[in-house]
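Here are some notes to read with the structure open beside you. They are written as numbered points, and each point can be checked by finding the named residues in the display.

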Amino acid sequence: MANSTGKAPPDERRKGLAFLDELRQFHHSRGSPFKKIPAVGGKELDLHGLYTRVTTLGGFAKVSEKNQWGEIVEEFNFPRSCSNAAFALKQYYLRYLEKYEKVHHFGEDDDEVPPGNPKPQLPIGAIPSSYNYQQHSVASLL
């Protein structure tokens, strides 16, 4: 992460930028691009540092199961006034890193549909524009 001056060493910074490029490409290929790095407590979140730390501890599921988000927060030196930092880290990890972790760290298949063929989704509470009348047809057994 950062040294006592608050800046990452050049090699770590280079790795972090390469990681961000790969992460952006991953999201772009899935149709979920992001343009801006999230911030916690007014400080830009080190997504590479977060990913590295969480995967070192066994991944998102294990960190959540053991409720270790509070421990991870302390490593990022967020302002004390940021009382929801652990919750924010968990949510940002879910949004930006969890699928990436499954594919790149655990080698799971990417179960998302490619952007050219999106899954049909309706807003919550929406009524479909077509109706399946066949669901009411009952075959006669006589």
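1. A good place to start is Val 40, which has its place in strand β1 (residues 39-40). Keep in mind from the outset that this is a predicted model. Val 40 has a relative accessible area of 2%, and because buried means under 20%, Val 40 counts as buried. Leaving out residues up to four places away in sequence, Val 40 touches Phe 78, Cys 82, Ala 85, Ala 88 and Tyr 92. With the last of these partners, Tyr 92, the separation along the chain is 52 residues, while the C-alpha atoms of Val 40 and Tyr 92 are separated by 9.5 Å.

2. It helps next to place this strand within the whole. The secondary structure of the protein chain comes to 5 helices and 2 strands, and reading along the sequence gives the pattern α-β-β-α-α-α-α. The protein chain has 142 residues, of which 27% count as buried. If one takes the contacts between residues at least 6 apart in sequence, 62% of them join residues at least 24 apart.

3. Helix α2 deserves a careful look, since 7 of its 10 residues are buried and the helix is described as mostly covered for that reason. The buried residues are Leu 47, His 48, Gly 49, Leu 50, Tyr 51, Val 54 and Thr 55. What do the buried residues of α2 pack against? Their partners are α1, α3, α4 and α5.

4. Tyr 51, one of the buried residues of α2, also takes part in a ring pair. The ring centres of Tyr 51 and Tyr 100 are 5.3 Å apart and the planes stand at 70°, so the pair counts as edge-to-face; the cut-off behind this label is an angle over 60 degrees. The pair links distant parts of the chain, with Tyr 51 in helix α2 (residues 47-56) and Tyr 100 in helix α5 (residues 85-105), 49 residues apart. Both Tyr 51 and Tyr 100 are buried. Ring pairs also join Phe 19, Phe 26, Tyr 51 and Tyr 100 into a cluster, and the count of aromatic pairs comes to 10.

5. Two residues of helix α1 can be set side by side. His 27 is found in helix α1, and Arg 24 is found in helix α1 (residues 10-29). Is each of them buried, exposed or partly exposed? His 27, at 4% relative accessibility, counts as buried, whereas Arg 24, at 29%, counts as partly exposed. Neighbours within four places in sequence aside, His 27 is in contact with Ser 32, Pro 33, Phe 34, Arg 95 and Tyr 96. With residues up to four places away again not counted, Arg 24 touches Phe 34, Lys 35 and Ile 37. Arg 24 and Lys 35 are 11 residues apart in sequence, and their C-alpha atoms are 8.2 Å apart in space.

6. Among the contacts of His 27 are Arg 95 and Tyr 96, and these two residues have an arrangement of their own. Arg 95 lies over the face of Tyr 96, at 4.7 Å from the ring centre.

7. The second largest pocket holds about 190 Å³ of space. Its lining consists of Val 73, Glu 74, Asn 77, Phe 78, Pro 79, Arg 80, Cys 82, Ser 83, Ala 85 and Ala 86. The elements that give two or more residues to this lining are α4 (69-75) and α5. Sorted by character, the lining residues divide into 6 nonpolar, 2 polar and 2 charged. A reader returning to the first point will find that Val 40 touches, among others, Phe 78, Cys 82 and Ala 85, residues which also appear in the lining of the second largest pocket.

8. The last point concerns backbone angles. Most residues other than glycine have a negative phi. Which sign does phi take at Asn 67 and at Asn 77? Phi of Asn 67 is near 50°, a positive value in a residue other than glycine, and phi of Asn 77 is near 55°, which is likewise positive. Asn 67 lies in the loop between α3 (60-65) and α4, while Asn 77 is found in the loop between α4 and α5. Asn 67 is exposed, with a relative accessible area of 62%, and Asn 77, at 60% relative accessibility, also counts as exposed.

How values were computed: Residues are numbered from 1 along each chain as its sequence is written. This is a predicted model: local features need pLDDT of at least 70, side-chain atom pairs count only at pLDDT 80 or more; totals for chains, interfaces and linings use all residues. Side-chain values use heavy atoms; hydrogens and water are left out. Rings of Phe, Tyr and Trp (its six-membered ring) pair if their centres lie within 6.5 Å; planes under 30 degrees apart count as stacked, over 60 as edge-to-face and the rest as tilted. Helices (H or I, at least four residues) and strands (E, at least two) are DSSP runs, numbered from the N terminus. Buried means under 20% relative accessible area, exposed over 50%, partly exposed in between (1.4 Å probe, protein chains only). A charge sits over a ring if NZ of Lys or CZ of Arg is within 6 Å of the ring centre and within 35 degrees of the ring normal. Contact means heavy atoms within 4.5 Å. On a 1 Å grid over the protein atoms alone, a cavity is a set of points where a 1.4 Å probe fits but cannot get out, and a pocket is an open set with protein on both sides within 12 Å along at least five of seven lines; lining residues have an atom within 4 Å of a point. Grid points are joined across faces, edges and corners, and a volume is the space filled by probe spheres set on the points. Ala, Val, Leu, Ile, Met, Phe, Trp, Tyr, Cys and Pro count as nonpolar, Asp, Glu, Lys and Arg as charged, and the others, Gly among them, as polar.
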